[in-house]
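This report goes through selected backbone and surface features of one protein chain. The sequence and the coordinates come first, and the description follows.

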Amino acid sequence: MAGQRENFGSRFVVIMALAGSAIGLGNIWRFPYMVGKHGGGAFILVYVLCCLLISLPVFFAEGILGKSTRLNPLGAMKQVAPKWRWAGYMGILAAFVITSYYSVVGGWSFDYLVRSVFGGFSGLSFEASAGIFRQMSSSAWECLLCFFIFLSLTATIVALGVQKGIGNFSKVMMPLLFVMMVAIAVRSLSLPGSRDGLDYLFKPDFSKLDLPGIAAALGQSFFSLSLGVGCIITYSSYMKESEKILPTSLWAAFFDTVFAMLAGLAIMPAVFSVEGLEPGAGPSLVYETLPVIFSRMGPVIPIVFFLAVLIAALTSSISMYEVVVAWLVDEKKFSRRKAVVAVFAGALVLGSLCALLPKVFSACDFATSNIFMTLGAFVFSVVVGWKMPKTVAAETFGSRIYPFVHFLIKWVAPVAIAVIAVTNLL
Ligand code: PHE
């Protein structure tokens with residue numbers, strides 16, 4: 001069985017696929033805003049520390065689980081720590097739920113790409129732009145149609161398989177995505193007033209950094225690195241035997257962080273170049289403010305930007321979709337095609353509810369990013385740190401620094417996650 005498992009082929013493809021999962025809407029619409037809100041450079045410092053000491057060890061733990069078992073999250077948990085198998089189920093459920101609501105937002109970016117190709121934003125005022133967003137997000141058929149198109153694109157790539165679909169798509173699209181973001185960042189930095197944007201992003205203000213800020217940095221790094229739902233387990237199960245976890249994970253996390261900064265450099269200087277404008281977060285930033293500002297920079301910029309958002313969203317959504325497909329294929333003995341159709345049918349129902357009912361949308365977002373991911377990340381590191389024989393973990397990891405990594409996985413990550421989660425709840 002293990003011998004027949006598909007693999008990504010080369011190291012470059014593994015890194016692009018992992019980076020593709022990590023780089024997504026989280027980098028574009030959450031990271032830049034959070035940095036500004038929680039103290040600029042001070043937040044970036046804490047974010048990087050959280051990544052190095054907590055999130056990267058969890059990333060490694062998921063990598064070890066996937067590569068050693070060559071299975072989906074549930075199969076991996078059943079093999080390594082059967083009593084904790086519920087965390088495997090939880091991860092798969094979370095991946096399914098995220099696929100559904102993420103595809104709704106992915107659909108909006110498709111909608112906005114089409115609008116920008118037809119010049120729909122040129123000469124627009126901020127009020128008119130907000131009106132367009134309101135009209136789009138409340139128009140049932142438009143939302144559903146774009147959601148359907150986005151989900152179909154995701155399903156098609158996943159149906160093509162690990163190497164031909166996910167691997168090929170990631171290795172072409174990820175470099176392109178970087179080039180597009182660099183181009184926008186350069187253009188945006190050349191605008192008058194861009195300095196204020198840089199100050200907002202990078203000037204450290206430790207007084208703004210409180211406990212919720214630290215918890216936000218940790219939560220953001222989990223979301224951004226796709227942790228806690230089994231994406232990294234699943235993708236690592238498609239690594240070749242000879243592949244190494246350390247370099248592939250480090251490169252993926254590095255690209256994810258660099259891309260988040262690039263998105264900040266593309267967005268904030270442009271926002272601050274307009275007098276009196278304050279950056280918001282989430283949908284309002286990406287779909288109300290940015291179309292206006294970017295279209296003032298010429299007709300091509302909005303097209304490039306929304307194409308970038310669409311690609312970033314797609315490479316992430318295929319990684320969540322694949323988690324559920326891998327489970328159906330490994331555990332339920334579905335063919336890949338049948339699994340893709342089954343997930344499509346389920347996501348169509350839940351995603352449509354998310355598209356039509358804002359309450360369902362925010363409940364799905366809240367439950368997955370605040371509860372499931374944190375709990376999943378905690379369990380995956382505990383299982384590798386405490387349940388898996390250390391020799392097996394060390395051998396799978398395949399680097400001399402494993403004893404140090406093991407300490408981070410066994411003690412630092414779970415304790416820090418628990419402390420930050422509990423203090424934040426109190
Ligand atoms: N990391 C993705 C982003 O930043 C989101 C994601 C979460 C992807 C969980 C897969 C799993 O947008």
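## Loops, two bent helices and a surface patch

R70 is found in the loop between α3 (41–69) and α4 (73–80). The model is a predicted one. R70 is not a glycine, yet its phi is positive, at about 55 degrees. Most residues other than glycine have a negative phi. R70 is also buried, because its relative accessible area of 14% falls under the 20% limit.

A second non-glycine residue with a positive phi is S226, again at about 55 degrees. S226 sits in the loop between α10 and α11 (231–236). With a relative accessible area of 7%, S226 is buried. A positive phi, near 120 degrees, also occurs at G298, which follows α13.

What lies shortly before the proline P291 in α13? A kink of about 50 degrees is located there, at L290. Helix α13 covers residues 282–296, and its end C-alpha atoms are 21 Å apart, which agrees with the 21 Å that its 15 residues should span at 1.5 Å a residue. Of these 15 residues, 11 are buried, so α13 is largely enclosed by the rest of the structure. Among the buried residues are Y287, L290, P291 and F294. The buried residues of α13 pack against α2 (25–37), α5 (85–117), α6 (126–138), α8 (162–189), α12 (245–272) and α14 (300–331).

Helix α18 is bent as well, by about 35 degrees at L408. Its 24 residues, 402–425, should span 34 Å, and the 33 Å between its end C-alpha atoms agrees with that value. L408 itself is buried, as are other residues of α18, including Y402, H406, P414 and I420. The partners against which the buried residues of α18 pack are α3, α10, α16 (358–387) and α17 (390–397).

The span and bend values of the two helices are set out below.

| Helix | Expected span | End C-alpha distance | Bend |
|---|---|---|---|
| α13 (282–296) | 21 Å | 21 Å | about 50 degrees at L290 |
| α18 (402–425) | 34 Å | 33 Å | about 35 degrees at L408 |

On the surface, L45, V48, L49, L52, L53 and F206 make a nonpolar patch of about 540 Å². F206 belongs to the loop between α9 (194–202) and α10 (211–224). Is F206 buried or exposed? F206 is exposed, because its relative accessible area of 52% is over the 50% limit.

Terms used
Residues numbered from 1 in each chain as written. Predicted model: local features only at pLDDT ≥ 70, side-chain atom pairs only at ≥ 80, totals over all residues. Heavy atoms only, no water. Patch = residues over 30% accessible without salt bridge, like charges linked within 9 Å, V, L, I, M, F, W, Y side chains within 5 Å. Areas by Shrake-Rupley, 256 points an atom, 1.4 Å probe, with all protein chains shown as cover. Salt bridge = Lys/Arg side-chain N within 4 Å of Asp/Glu carboxyl O. Helix = DSSP H or I, 4+ residues; strand = E, 2+ residues; numbered from the N terminus. Buried < 20%, exposed > 50% of the residue type's maximum accessible area, 1.4 Å probe, protein only. Expected span 1.5 Å × (residues − 1). Bend = angle between axes of the 7 residues up to and from the residue. Contact = heavy atoms within 4.5 Å.
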